[in-house]
Amino acid sequence: SVLTVACEQTEVLLFDPISSKHIKTLSEAHEDCVNNIRFLDNRLFATCSDDTTIALWDLRKLNTKVCTLHGHTSWVKNIEYDTNTRLLVTSGFDGNVIIWDTNRCTEDGCPHKKFFHTRFLMRMRLTPDCSKMLISTSSGYLLILHDLDLNKSLEVGSYPILRARRTTSSSDITSSGSSGPRAVGSPCHQNNSGPPSEKTLSRPSQREGGSPRNSLEVLTPEVPGERDRGNCITSLQLHPKGWATLLRCSSNTDDQEWTCVYEFQEGAPVRPVSPRCSLRLTHCIEEANVGRGYIKELCFSPDGRMISSPHGFGIRLLGFDAHCSELVDCLPREASPLREIRSLYSHNDVVLTTKFSPTHCQIASGCLSGRVSLYQPKF
């Protein structure tokens with residue numbers, strides 16, 4: 001029932017998405033740019049900012065924050081929430097993923113702990129069932145934590161066995177067709193560079209028939225046209241049914257951008273020598289190279305049949321086929337182009353973000369100059 005907008009100049013705007021009326025402006029929601037907003041339930045929502053903090057808000061009392069959370073040391077870019085455990089998960093450009101226990105929240109904040117750290121971190125997402133965490137990096141790596149346990153912090157050098165997989169070797173990921181090795185190093189800090197010993201690989205934490213809890217898989221997803229140049233994964237979204245991940249990638253030279261869909265393969269690799277990766281490129285499309293250097297946030301529709309993607313001064317609605325079929329009903333043997341269903345242009349500046357309403361037949365988009373547009377079909 002409320003559309004919230006994160007703004008560059010410390011503000012959060014609230015609108016009625018049905019009438020398009022402006023409800024309220026939180027003029028000093030933060031002390032720097034507001035980056036992301038996440039609703040925890042029907043009344044509580046969280047915001048994060050370049051001021052390194054996260055704030056909790058209650059729609060019934062917007063004059064003051066519920067509390068402010070301190071723990072990051074650089075810009076906070078992403079907020080996720082596990083509704084089962086009521087744990088808030090945030091990530092920032094300090095490379096940290098931090099867990100906040102909202103069950104024990106006070107005016108002074110929430111108990112928190114550092115869960116994970118990696119260099120070049122861009123975005124972090126949880127699958128709908130919170131069984132996996134995906135992390136994208138500016139160096140072109142995609143990290144997947146399998147069989148996720150948010151109550152257990154991952155210390156440096158203690159990641160379970162999937163960390164040893166040679167995910168940038170073409171002979172080791174033939175089924176996913178990943179690109180060649182990157183010029184940059186591993187995205188994870190480590191105590192030593194050598195592979196785990198046989199004793200490490202047979203540790204008791206590996207359960208029969210599956211991977212150990214929080215086992216880490218490092219991938220270099222295939223991006224068309226980027227085999228020799230490397231890329232930056234700027235935007236990361238997940239299919240609402242957990243079937244796939246959606247990436248927006250730009251080349252290191254900023255002269256190309258791509259939207260790519262990767263299907264989750266069944267299960268997770270058990271052995272570090274397994275040739276199969278957890279993701280397979282199914283669909284992709286080249287994007288307009290407008291607004292270089294700015295991150296464009298795309299999204300799935302609530303039913304997962306369509307993708308809304310910023311495209312120059314507007315957005316494109318993309319489907320897996322011309323009939324907007326379910327992904328599982330039109331999986332190609334080889335990567336296929338996404339189909340353009342409709343283009344919508346109403347902005348006078350570069351569109352940076354777009355979002356489907358979870359309840360209404362409506363799409364919102366926001367551009368660099370601060371204009372917000374709402375779209376809905378005519379019946």
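Colleague: Why is Lys296 called buried?

Modeller: In this predicted model, Lys296 has a relative accessibility of 3%, and buried means under 20%, so Lys296 counts as buried.

Colleague: Where along the chain does Lys296 sit, and what makes you speak of polar contacts for its side chain?

Modeller: Lys296 is placed in the loop between strand 19 (279-287) and strand 20 (299-300). The side chain of Lys296 reaches the backbone oxygen of Gly291 at 2.8 Å, and a polar atom of that side chain lies 3.3 Å from the backbone oxygen of Tyr294. A polar contact is a pair of N or O atoms within 3.5 Å, so the pair with Gly291 counts as one, and so does the pair with Tyr294.

Colleague: Which residues is Lys296 in contact with, once its neighbours within four places in sequence are left aside?

Modeller: Among them are Ser235, Arg248, Glu257, Pro310 and Leu352.

Colleague: What makes Arg342 count as buried or exposed?

Modeller: The relative accessibility of Arg342 is 52%, and exposed means over 50%, so Arg342 counts as exposed. Arg342 lies in strand 24 (residues 339-345), and, not counting residues up to four places away in sequence, Arg342 touches Ile315, Arg316 and Leu317. The C-alpha atoms of Arg342 and Ser308 are separated by 9.7 Å, although these two residues are 34 residues apart along the chain.

Colleague: How do you know that strand 16 and strand 17 pair?

Modeller: Strand 16 is joined to strand 17 (residues 244-251) by 7 bridges, and two strands pair if there are at least two bridges between them, so strand 16 and strand 17 count as paired, and they run antiparallel. As one example of a bridge, Gln237 has Leu246 in strand 17 as its partner.

Colleague: What is the order of strands in the open sheet, and why do strand 16 and strand 23 stand at the edges?

Modeller: The open sheet of 5 strands has the order 16-17-18-19-23, with mixed pairing. Strand 16 (231-238) and strand 23 (336-337) each have a single partner strand, so one side of each is left without a neighbour in the sheet.

Colleague: Why is there no bond between the sulfur of Cys249 and the closest cysteine sulfur?

Modeller: The closest cysteine sulfur to that of Cys249 is in Cys260, at 5.0 Å, and a disulfide needs the two sulfur atoms within 2.5 Å, so this pair is too far for a bond. The count of disulfides comes to 0. Cys249 has a relative accessibility of 1% and therefore counts as buried, and Cys367, at 8%, counts as buried as well.

Colleague: Which residues touch the most other members of the largest nonpolar core, and which strand gives the most to this core?

Modeller: The largest nonpolar core has 19 residues, and those touching the most other members include Val89, Phe115, Met133 and Ile135. Strand 12 gives the most to this core, with 3 residues. Apart from this core lies another, of 18 residues, among them Val223, Trp258, Phe264 and Cys277.

Colleague: What does the UniProt record place at residues 27-60 and 69-101?

Modeller: The unreviewed UniProt entry places the feature "repeat: WD" at both spans. In the model, residues 27-60 are 0% helix and 53% strand, with the end C-alpha atoms 17 Å apart, while residues 69-101 are 0% helix and 64% strand, with the end C-alpha atoms 11 Å apart.

Technical notes: Residues numbered from 1 in each chain as written. Predicted model: local features only at pLDDT ≥ 70, side-chain atom pairs only at ≥ 80, totals over all residues. Heavy atoms only, no water. UniProt positions renumbered as here; feature names shortened; annotations may be inferred. Helix = DSSP H or I, 4+ residues; strand = E, 2+ residues; numbered from the N terminus. Buried < 20%, exposed > 50% of the residue type's maximum accessible area, 1.4 Å probe, protein only. Polar contact = N/O pair within 3.5 Å; in protein donor to acceptor, adjacent residues only side chain to side chain. Contact = heavy atoms within 4.5 Å. Core = buried A, V, L, I, M, F, W, Y, C linked by side-chain atoms within 4.5 Å.
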